[in-house]
Amino acid sequence: MTRPDPILRAVTLTLGYAFLYIPILCLMAFSFNDSSMMTSWTGFSFKWYVELFNDQALLSAARLSLLIAAMTATTAVVIGTWAGYVLARMGRFRGFSVYIGMVSAPLVIPEVVLGISLLLMFVELSDLLGWPDGNGVFTIWVGHVTLCMAYVAVIIQSRIRDLDRSLEEAALDLGATPLRVFFRITLPLIFPALMAGWLLAFTLSLDDVVIASFLSGPGYTTLPLEIFSRVRLGLKPEINALATLFILLVGIFVVVANRMQRRSETG
């Protein structure tokens, strides 16, 4: 079998990385642009960061999105870990087909259908029980958890299936309870997958538009909805400044997650 040409491989990688990251670098560069035009460079300035921190509507939407994304990611990891563990370790049981269908449904159902069905559910609950009293953080959170837990379950399921069960079986033989084995052995072994699932759920929630548009209410506008509402009037470079801050935040998360993964693998 012939090895690929190193020059061709280097060129391919360079073009691929350029296609992915040059637009992001341009966005970050134009966040320091003095001009109010999104694509016309006139000079270096921090004024759009000042404008950003004076834009209370945009900051409020960003805080709401970060709060919901963090809540969604944490809850989706808890539910998705349980669902993935059942799929990987419990074998086929009565109702297994229904169970796997319910877990996988959010992966294949269009978000429009998912958003409408959840909206109708909340409307019926409000009519019957008087709760929830309008759409807000809770309804958006439930919608995002419903979507994200399916992705987390797939990640956890594949990781658990690849585990060497000898450590768990040895712990059981030495008298540890299944619950203790799960928390002391299984969870540390799948910790990198937990971090990957958390970051994926966080990103999906932070980026969602469709479900949030159905489940948000007055005073609860997420960041993607706020940005899309401003597209009609024309975006300002303060959006570039906000995007730059989010890129830095996500980059920090990724670096921390990689360090924690390396420590868990070497420790």
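Leaving aside its neighbours within four places in sequence, which residues is T139 in contact with? The first close-up gives the answer, and the views that follow take in other parts of this predicted model.

**View 1. T139 and its contacts in helix α6.** T139 is found in helix α6, which spans residues 137-161. Beyond the neighbours within four places in sequence, T139 is in contact with F122, P132, G134 and L215. Is T139 buried or exposed? T139 counts as buried, because its relative accessibility is 1% and the buried class takes in values under 20%. If you would like a landmark further off, try L27: the C-alpha atoms of T139 and L27 are 33 Å apart in space, with the two positions 112 residues apart in sequence.

**View 2. The cis peptide bond at P132.** One of the contacts of T139, P132, deserves its own panel. P132 lies in the loop between α5 (111-129) and α6. Look at the peptide bond from W131 to P132: it is cis, with omega near 0°. For comparison, most peptide bonds are trans.

**View 3. I160, also in helix α6.** Staying with helix α6, we come to I160. I160 has a relative accessibility of 1%, so it counts as buried. Which residues does I160 contact, once neighbours within four places in sequence are left aside? They are G84, Y85, A88, R89 and I190. V255 offers a second reference point, 95 residues from I160 along the chain, and the C-alpha atoms of the two are separated by 24 Å.

**View 4. T81 in helix α3.** Here the subject is T81, found in helix α3 (residues 56-89). T81 counts as buried because its relative accessibility is 6%. Not counting residues up to four places away in sequence, T81 touches A76, V152, I156, F182, L187, I190 and L194. I190 is also among the contacts of I160, which makes I190 a handy link to the previous panel.

**View 5. Helices α8 and α9 where they meet.** Helix α8 covers residues 178-189 and helix α9 covers residues 191-207. At what angle do α8 and α9 pack? The angle is about 65°, and the axes are 4 Å apart. On the α8 side the meeting residues are L187, P188 and L189, while α9 contributes F191, P192 and L194. The contact of α8 with α9 is made up of 6 nonpolar residues, with no polar and no charged ones. Readers coming from the T81 panel will recognise L187 and L194, which are both touched by T81.

**View 6. R230 and its polar contact with E226.** R230 is found in helix α11, residues 223-231. Its side chain makes a polar contact with the side chain of E226, at 2.9 Å. Is R230 buried or exposed? R230 is buried, because its relative accessible area is 19% and the cut-off for that class is under 20%. Not counting residues up to four places away in sequence, R230 touches D55, A57, L58, L235 and E238.

**View 7. P110 in the loop between α4 and α5.** P110 sits in the loop that runs between α4 (96-108) and α5. With a relative accessibility of 48%, P110 counts as partly exposed, because that class lies between 20% and 50%. A useful partner to display here is V210: the two are 100 residues apart in sequence and 9.6 Å apart in space, C-alpha to C-alpha.

**View 8. The whole chain, for orientation.** Now step back from the close-ups. The chain holds 12 helices and 0 strands. Its C-alpha atoms fill a box of roughly 70 × 65 × 35 Å along the principal axes. Of the 267 residues, 34% are buried. Among the contacts with a separation of 6 or more, 72% join residues 24 or more positions apart. The accessible surface comes to about 16,300 Å², and 68% of that belongs to carbon and sulfur atoms.

**View 9. Spans annotated in UniProt.** An unreviewed UniProt entry gives the annotation "transmembrane region" to several spans, including residues 7-32 and 99-123. Residues 7-32 are 92% helix and 0% strand, and their end C-alpha atoms lie 36 Å apart. Residues 99-123 are likewise 92% helix and 0% strand, with end C-alpha atoms 26 Å apart. UniProt also places the feature "domain: ABC transmembrane type-1" (unreviewed entry) at residues 62-257. In the model, residues 62-257 are 80% helix and 0% strand, and the end C-alpha atoms lie 22 Å apart.

Methods: Residues numbered from 1 in each chain as written. Heavy atoms only, no water. Helix = DSSP H or I, 4+ residues; strand = E, 2+ residues; numbered from the N terminus. Buried < 20%, exposed > 50% of the residue type's maximum accessible area, 1.4 Å probe, protein only. Polar contact = N/O pair within 3.5 Å; in protein donor to acceptor, adjacent residues only side chain to side chain. Contact = heavy atoms within 4.5 Å. Axes fitted to C-alpha atoms, helices over the stretch in contact; angles between N-to-C directions. Nonpolar A, V, L, I, M, F, W, Y, C, P; charged D, E, K, R; others polar. Areas by Shrake-Rupley, 256 points an atom, 1.4 Å probe, with all protein chains shown as cover. UniProt positions renumbered as here; feature names shortened; annotations may be inferred.
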